[in-house]
Amino acid sequence: MGSEQAGTAAKQTATYTYGHTPAVVAVHAARSATREAAFFLPHLQPGMRLLDVGCGPGTITVGLAAAVAPAEVVGVDVAESVLEQGRSLAREEHVPNVRFQQGSALTLPFEADSFDAVFSHTLLEHVADPAAVLREARRVLRPGGVIGVRDCDWESGIFWPADPDLDLAAQLYARVWAHNGGHPTCGRRLRALLQESGFRRVATSASFRWDGSQDGSASGSRAFGELLAHRLLLPNLAGPIVESGWADDATLRRVSGSCARWSQHPDALCAMTMVEAVGWSD
Ligand SMILES: C[S@@+](CC[C@H](N)C(=O)[O-])C[C@H]1O[C@@H](n2cnc3c(N)ncnc32)[C@H](O)[C@@H]1O
């Protein structure tokens with residue numbers, strides 16, 4: 001049984017595997033609309049009211065606000081703790097047309113037909129029922145509105161130099177993620193999910209993340225290795241791994257050390273497919 005199936009059988013309600021530790025939120029806060037929402041920007045125009053669901057610390061949300069100004073952008077996340085970062089960023093960058101509101105993607109605190117566009121980046125892969133989130137997004141979208149979603153396909157990860165401990169770390173990570181009710185290979189299901197949620201016209205594309213080549217350094221790959229090393233030892237990951245007998249404490253510490261060493265290798269390179277989908281509500 002694949003990790004996805006095991007997870008689906010195990011849980012109906014997802015636990016957010018990443019958590020909101022400063023190291024995790026810092027990775028999300030390094031994201032931007034120009035990179036992570038590049039596939040969606042051509043579908044936006046000034047004056048479109050937009051909702052960003054599962055917006056996290058809001059760096060993408062604030063970038064989207066520039067694309068649709070003067071219309072309002074609302075960032076929603078279930079975790080109030082990350083929203084304050086988005087509010088601070090909007091103040092620092094003098095972006096007046098964005099606000100952040102606590103709320104659940106499953107019961108959005110908005111009326112039907114109240115947005116022209118909905119965006120969601122790496123949220124669906126963390127919820128137990130991604131189609132329910134998409135149906136709720138469709139409810140708040142006006143007829144003819146557009147949705148853009150982007151999620152990873154964890155099993156598409158490639159790593160160099162080869163290291164069996166890094167492979168094991170990635171497998172253990174996906175196992176906990178699925179055990180928590182999430183979907184590590186959500187990316188490949190995006191067209192199906194959008195269609196089953198009532199978006200009849202769906203366009204898909206794919207890009208990559210983590211490869212650090214854009215700035216001429218291995219920074220993205222380094223961040224991946226460091227984050228994996230860090231996360232594996234956190235109680236929300238180490239707990240289920242050890243309790244389920246997937247690895248013992250000593251193995252986890254060794255694997256985490258290998259990930260940290262790998263992240264410092266001058267040749268370190270890792271890339272992972274991100275699937276992108278745009279759907280229209282009609
Ligand atoms: C991987 S982060 C992505 C954050 C942001 N979209 C980005 O790409 O930087 C997923 C976010 O979804 C939020 N989240 C998880 N489950 C949620 C739910 N049911 N409703 C709303 N937000 C949720 C988490 O709190 C977290 O901030």
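Which residue of β2 is the bridge partner of Leu51? The legends below refer to a predicted model.

**View 1. Pairing of strands β1 and β2.** The bridge partner of Leu51 in β2 is Val74. Strand β1 covers residues 50–53 and pairs with β2 in the parallel sense, over four bridges. Helix α4, residues 59–68, joins these two strands in a right-handed β-α-β unit.

**View 2. Burial of strand β2.** Strand β2 spans residues 73–77, and five of its five residues are buried. Both faces of the strand are covered. Val73, Gly75 and Asp77 lie on one side, while Val74 and Val76 lie on the other. Val74, the partner of Leu51, is thus shown here among the buried residues of β2.

**View 3. Pairing of strands β2 and β3.** Strand β3, residues 98–102, pairs with β2 in the parallel sense over five bridges. Asp77 of β2 stands opposite Gln102 in β3. A right-handed β-α-β unit is made by β2, helix α5 (residues 80–92) and β3.

**View 4. Surroundings of Ala169 in helix α7.** Helix α7 runs over residues 164–179 and contains Ala169. Ala169 counts as buried because its relative accessibility is 0%, below the cut-off of 20%. Apart from neighbours within four places in sequence, Ala169 is in contact with Leu228, Leu232, Val255 and Cys259. One of these residues, Cys259, is 90 residues from Ala169 in sequence, yet their C-alpha atoms are 7.7 Å apart in space.

How values were computed: Residues are numbered from 1 along each chain as its sequence is written. This is a predicted model: local features need pLDDT of at least 70, side-chain atom pairs count only at pLDDT 80 or more; totals for chains, interfaces and linings use all residues. Side-chain values use heavy atoms; hydrogens and water are left out. Buried means under 20% relative accessible area, exposed over 50%, partly exposed in between (1.4 Å probe, protein chains only). Two strands pair if DSSP finds at least two bridges between them. A crossover is right-handed if, with the strands pointing away from the viewer, the path from the first strand over the helix to the second runs clockwise. Contact means heavy atoms within 4.5 Å.
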